[in-house]
Amino acid sequence: MSALAARLLLLLCVALPLNGVEKVRSRGYRKDPDADKYGSCMQGPAGTPGRDGNPGSNGIPGTPGVPGHDGAKGEKGECISEIFEEPWRPNYKQCAWSSLNYGIDLGKVVDCTFTKLRSDSALRVLFSGSLRLKCKNACCQRWYFTFNGAECTGPLPIESIIYLDQGSPELNSTINIHRTSSVEGLCEGIKAGLVDVGVWVGTCADYPRGDASTGWNSVSRIIIEELPK
């Protein structure tokens, strides 16, 4: 072999390996995209999940919605007016007499004027004093209240009676018992203003009168009080 041929053979031996290396490099630049996913190595276990990220900032407010339709018209309500009344204040009066010793059998015994503040209230009246009736035959007397000259009609008269039955004329003629008694009741329907409250003595229905006495040797009194209904 000549020296030229030997040199060509040596050059050829050097060039061929370099050409293979270049092809391998070219193949590396044209790598299959699925090579990492489906490589020849086995896939490892999944990693630990990462922590949640920081909350994001609030978004931009949305545009206002379309206004809704008017609702159905409601029913007409009732008008209630409140009435504020003043607190109730006591209103009472007392008239008293010492030793009336009034022996009238028919008519007014005593009276007491009272100022009534309201028309929708009631009057409570009380007469306390000594009463007596004597007679030889059966007799009856009644003591009763009047308001401005008329007996109570709301609801009924306010009265008290004493009745003596017929007995021995000799015995009855000597009976003279004076007892402290009372006449009491409530009367409604009296208008506000001045009210003349009187105590009268009279006869009972269908019975003759006797010898009456009021307020002998003791104190007699009328108490009047206005009460709310």
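Student: Which residues touch the most other members of the largest nonpolar core?

Tutor: Happy to help; keep in mind that this is a predicted model. The largest nonpolar core has 24 residues. Two or more of its residues come from each of β2, β3, β4, β6, β7 and β9. Those that touch the most other members are Phe-127, Phe-145, Phe-147, Ile-158, Ile-222 and Ile-224.

Student: Which residue of β9 is the bridge partner of Leu-126?

Tutor: Let's start with the strands. β3 covers residues 121–134 and pairs with β9 in the antiparallel sense, over eight bridges. Within β9, the partner of Leu-126 is Ile-223.

Student: And what is the bridge partner of Tyr-92 in β9?

Tutor: Strand β1 spans residues 91–98, and eight bridges join it to β9, residues 219–228. These two strands run antiparallel. The β9 residue that bridges to Tyr-92 is Glu-225.

Student: How far from Glu-226 is the nearest side chain of opposite charge?

Tutor: Glu-226 sits in strand β9 and is buried. The side chain in question belongs to Lys-116, yet Glu-226 has no salt bridge. A salt bridge needs a side-chain nitrogen of Lys or Arg within 4 Å of a carboxyl oxygen. The distance to Lys-116 is 4.4 Å.

Student: Which side chain has a polar contact of 2.7 Å with that of Glu-226?

Tutor: Glu-226 touches several residues farther along the sequence than four places, including Trp-88, Phe-114 and Ser-121. A polar atom of the Glu-226 side chain also lies 2.9 Å from the backbone nitrogen of Arg-118. The side chain joined to Glu-226 by the 2.7 Å polar contact is that of Asn-91.

Technical notes:
Residues numbered from 1 in each chain as written. Predicted model: local features only at pLDDT ≥ 70, side-chain atom pairs only at ≥ 80, totals over all residues. Heavy atoms only, no water. Pairing = 2+ DSSP bridges. Helix = DSSP H or I, 4+ residues; strand = E, 2+ residues; numbered from the N terminus. Core = buried A, V, L, I, M, F, W, Y, C linked by side-chain atoms within 4.5 Å. Buried < 20%, exposed > 50% of the residue type's maximum accessible area, 1.4 Å probe, protein only. Lys, Arg positive; Asp, Glu negative; His and termini not counted. Polar contact = N/O pair within 3.5 Å; in protein donor to acceptor, adjacent residues only side chain to side chain. Contact = heavy atoms within 4.5 Å.
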